[in-house]
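Dear colleague,

I am passing on a structure that you have not worked with before, and I would be glad if you would keep it open while you read the notes below.

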Amino acid sequence: TTTRGTTVSSSLWVVFTGSQIPFCRTFSDARRNLLFSMSLACTLDIPEVCLFFFDKLFRASRCRKADSGNFDAFSSPNFQPLATVGLTVEAAGSSGGRRR
């Protein structure tokens, strides 16, 4: 697949993440987002460009920033998250989320 001059393999999985509070602050969400995004990258087989933020894994092309003052800052109004993290990881049905 070619996007703006960059070739991306269909088996490549890219996960973007970030935080609302800087990493160096005591109650930062950065650590949690980083650890869960790496954990999902190692355990799920979703060869897409994704965004992990506040316990939800979205298709990057299907989400948008909805709130800049809340941990739950991203939404995907027309497409459910690929996975949701809680006590367990809930992967989306047949659209993705096969375990490695």
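What follows is a description of what was found in it, going from the overall layout to particular side chains.

Please bear in mind from the start that this is a predicted model. The protein chain holds 1 helix and 11 strands, and, read from the N terminus, its elements follow the order β-β-β-α-β-β-β-β-β-β-β-β. Of the 100 residues in the protein chain, 27% count as buried.

Aromatic pairs

A search of the whole structure gives 3 aromatic pairs, and two of the pairs are described here, one after the other. Phenylalanine 36 and phenylalanine 52 make a tilted pair, with 6.2 Å from centre to centre and 40 degrees between the planes. This pair links distant parts of the chain, since phenylalanine 36 belongs to helix H1 and phenylalanine 52 to strand E5 (residues 49–53), 16 residues apart. As for their surroundings, phenylalanine 36 counts as partly exposed at 25% relative accessibility, whereas phenylalanine 52 is buried, with a relative accessible area of 0%.

Phenylalanine 53 and phenylalanine 74 form an edge-to-face pair, in which the centres are 5.0 Å apart and the planes meet at 65 degrees. Because phenylalanine 53 lies in strand E5 and phenylalanine 74 in strand E8 (residues 74–75), the pair ties together parts that are 21 residues apart in sequence. Phenylalanine 53 is buried, its relative accessible area being 5%, and phenylalanine 74 counts as buried too, at 19% relative accessibility. A further contact concerns the backbone of phenylalanine 74: its C-alpha atom is separated by 5.5 Å from that of arginine 64, although the two residues are 10 residues apart along the chain.

Salt bridges

The count of salt bridges comes to 3, and you may wish to look at each of them in turn. In one of them, aspartate 55 pairs with arginine 32, with the closest N and O atoms 2.9 Å apart. Here again distant parts of the chain are linked, as aspartate 55 sits in the loop between E5 and strand E6 (56–59) and arginine 32 in helix H1, 23 residues apart. Aspartate 55 is buried, with a relative accessible area of 15%, while arginine 32 counts as partly exposed at 40% relative accessibility.

Another salt bridge joins arginine 59 and glutamate 48, whose closest N and O atoms are 2.5 Å apart. Arginine 59 lies in strand E6 and glutamate 48 in the loop between strand E4 (44–45) and E5, so this pair ties together parts that are 11 residues apart in sequence. Arginine 59 counts as buried at 13% relative accessibility, whereas glutamate 48, with a relative accessible area of 22%, is partly exposed.

There is also a salt bridge between lysine 56 and aspartate 72, where the closest N and O atoms are 3.1 Å apart. It links lysine 56 in strand E6 with aspartate 72 in the loop between strand E7 (64–65) and E8, 16 residues apart. Lysine 56 is partly exposed, with a relative accessible area of 22%, and aspartate 72 likewise counts as partly exposed, at 30% relative accessibility.

Cysteines

How many disulfides are there? The count comes to 0. Cysteine 50 takes part in no disulfide, and the nearest cysteine sulfur, which belongs to cysteine 63, is 9.2 Å away; a disulfide would require the two sulfur atoms to be within 2.5 Å, so this pair does not qualify. Cysteine 50 counts as buried at 0% relative accessibility, and cysteine 63 is buried as well, with a relative accessible area of 19%.

The surface

On the surface, Phe23, Leu34, Leu35 and Met38 form a nonpolar patch, which together has about 390 Å² of accessible area. One of its members, methionine 38, is placed in helix H1 (residues 30–43) and is partly exposed, with a relative accessible area of 44%. Another member of the patch, phenylalanine 23, has arginine 31 lying over the face of its ring, at 4.7 Å from the ring centre.

With kind regards

Notes: Residues are numbered from 1 along each chain as its sequence is written. This is a predicted model: local features need pLDDT of at least 70, side-chain atom pairs count only at pLDDT 80 or more; totals for chains, interfaces and linings use all residues. Side-chain values use heavy atoms; hydrogens and water are left out. Patches are made of residues with over 30% relative accessible area and no salt bridge: like charges are joined within 9 Å, nonpolar side chains (Val, Leu, Ile, Met, Phe, Trp, Tyr) within 5 Å. Accessible areas come from the Shrake-Rupley method with a 1.4 Å probe; for residues, only the protein chains shown count as cover. A salt bridge is a side-chain nitrogen of Lys or Arg within 4 Å of a carboxyl oxygen of Asp or Glu. Helices (H or I, at least four residues) and strands (E, at least two) are DSSP runs, numbered from the N terminus. Buried means under 20% relative accessible area, exposed over 50%, partly exposed in between (1.4 Å probe, protein chains only). Rings of Phe, Tyr and Trp (its six-membered ring) pair if their centres lie within 6.5 Å; planes under 30 degrees apart count as stacked, over 60 as edge-to-face and the rest as tilted. A charge sits over a ring if NZ of Lys or CZ of Arg is within 6 Å of the ring centre and within 35 degrees of the ring normal.
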